[in-house]
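Please open the model in a viewer and keep the selection panel at hand. The tour visits internal cavities and then a sheet.

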Amino acid sequence: MTTTAEMIGVVGGGQLARMMVEAAAERQVAVAVQTGSTDDPACAGASRQVTADPRDVAGTRQLVVGCQGVTFENEWVNIDALIPLEQQGVRFRPALAALSPLVNKLSQRQLLADLAIAAPPWCPLSQISAAQPALPKGWSFPVMAKAAHGGYDGKGTVVVESVEDLARLIRSVDGDDWLLECWVTYERELALVVSRDAQGRVRSFPLVETHQSQQVCDWVLAPAAVDQGVEAQAYNVAASLLTKLNYVGVLALEFFFGPDGLQVNEVAPRTHNSGHFSIEACSSSQFDQQVCIAAGLPVPAPELTSNGALMVNLLGLENPSRSLEQRLDALAALPDAHLHWYGKTPETPGRKLGHVTVLLPGPDAKQREQQAQAALELIRGIWPSSG
C-alpha cells in the first residue's frame, strides 16, 4: 500500500504507542518514537527512536525531523515547551491549543461546565478552608479527590471519608493541583472513543461498557447494552467537545450512567484502554484512526465487523500459580481469542502487561453477555484479576 506520509512521530513509547506502530505497519507508514528506554514496548517495531523522556522538549525537537505529523501516546507532555515547535511548523495531532484544556482535570471540568455537559459536581480543593475544612453546601461524605495532573488507573485519586480525611489531604497536597468531586451513584460505567479529522468529520466507535477492579479497567464489553438514545447522547457530548476545541485526533470519554443519567467521568485526549477491542472487532481500529490522522491520510469509518467483543486486561500478579509462559500459551490456545502481549518486564503486580480480545458472535445483547461471561471465566481461570 502506498501512502503520502514518509514518517510520523509519536511522543511516548508504551503499549499505546506499540499498538499504533503495529497499525502504522499495516499502512506502510514509518514511525519514530520518543521514549526513555530502548526496552519500552513501542521500540521493537519503530523505524527510529529518540531516547529521551517524553517531556524532554530537546528530544521532541529531534523526533519531529522528517515527520509528516506528530502525535502523543498520552497527555502528560510539556505543552508550553512544545509551542515554539508548533509555531515553526510542526504539525501536532491534536494541536496544542486543543490538547491544553484537557491535560489538567481542573480546566477539563471547567470546559465541561462551560459547554453544559453533565458531570459530577466538583470544586477546586483550594476553595476548601484549611483552618475549618468543610464540604460545599449540599455535599456529603464520602467524596472523591483527584489530582489535576498525572492521575490514571487509580493513581492520583483519594477517597475522602470524613472531615479528618479532608483536613489530612489539605495538609499533604498542593490544593491548587487537586479537585473534589461528589460521590456518584451509578448503574454502569460506559466509554466512547471518537476521532475527528482535519476536515472536521467526526467518526465514532460503538459505546462500550467497562468494568473496573480497584479503579483499574478489568474488562470491556462492546457494544454496551443500552438504549440507542444513550449512545446518541454520548456521541453528541463527544462531538460537542471535538468541535468546540477544533480537536483533530482520537479522543476517549468515560461516563457514569445511573439515576442522574449520563455524566462524564474523564476525558482522555488519546487512544484508550476501552477501545482496544477495535483492533479485531472493527474495520479500522482506534490506532489506525490515529495513524491516518497524524499522517494526513484519508480516515476510514470504523465499522463494527463482529456482533460484539470482550476485551480483558492482563495485569501483573503478585504470586502467580503458573509461570508466565504457561499462562500465555494457555491464553493463546483459547478459541476465538486474540492475545496482545506488550513485551514489558518484569511482571510487576498491577502493571498492564497485555490484553485478550474475544469476538462474540451472539446476535443479541443477552447472548453476547452470556458468551462474554463464559469467555471471561476461562481467561480469569488462566490469568486472575489482580484485584
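**The largest cavity**

Begin by selecting strand S13 (216-222) and strand S16 (308-315), each of which supplies at least two residues of the lining of the largest cavity. Helices (H or I, at least four residues) and strands (E, at least two) are DSSP runs, numbered from the N terminus. This is a predicted model, in which local features need pLDDT of at least 70, side-chain atom pairs count only at pLDDT 80 or more, and totals for chains, interfaces and linings use all residues. Residues are numbered from 1 along each chain as its sequence is written, and side-chain values use heavy atoms, with hydrogens and water left out.

A cavity is, on a 1 Å grid over the protein atoms alone, a set of points where a 1.4 Å probe fits but cannot get out; lining residues have an atom within 4 Å of a point. Grid points are joined across faces, edges and corners, and a volume is the space filled by probe spheres set on the points.

Next, select Ser213, Val216, Cys217, Asp218, Asn313, Leu315, Arg380, Trp383, Pro384, Ser385 and Ser386, which line the largest cavity. The space enclosed is about 60 Å³. S13 gives the most to this lining, with three residues. By class, the lining has five nonpolar, four polar and two charged residues. Here Ala, Val, Leu, Ile, Met, Phe, Trp, Tyr, Cys and Pro count as nonpolar, Asp, Glu, Lys and Arg as charged, and the others, Gly among them, as polar.

**The second largest cavity**

Now select Leu221, Ala222, Pro223, Ala225, Ala365, Arg368 and Glu369, the lining of the second largest cavity, whose volume is about 40 Å³. S13 and helix H11 (365-382) each supply at least two of these residues; the largest share, three residues, comes from H11. Five lining residues are nonpolar, none polar and two charged.

**The sheet**

Move to an open sheet of four strands, ordered S6-S9-S7-S8 with antiparallel pairing. Its edge strands, S6 (122-124) and S8 (157-160), each pair on one side only. Two strands pair if DSSP finds at least two bridges between them. The twist averages 25° from one strand to the next.

Select S6 and S9 (residues 178-182), which run antiparallel and are joined by three bridges. Cys123 has Leu180 in S9 as its bridge partner. Then add helix H5 (residues 105-114), which packs on the sheet, touching S6, S7 (143-147) and S9, its direction making about 45° with that of S9. Contact means heavy atoms within 4.5 Å. Axes are lines fitted to C-alpha atoms, for helices over the stretch in contact, and angles run from 0 to 180 degrees between N-to-C directions.

Note on methods:
1 Å grid on protein atoms, 1.4 Å probe; cavity = no way out; pocket = protein on both sides within 12 Å on 5 of 7 lines; lining within 4 Å.
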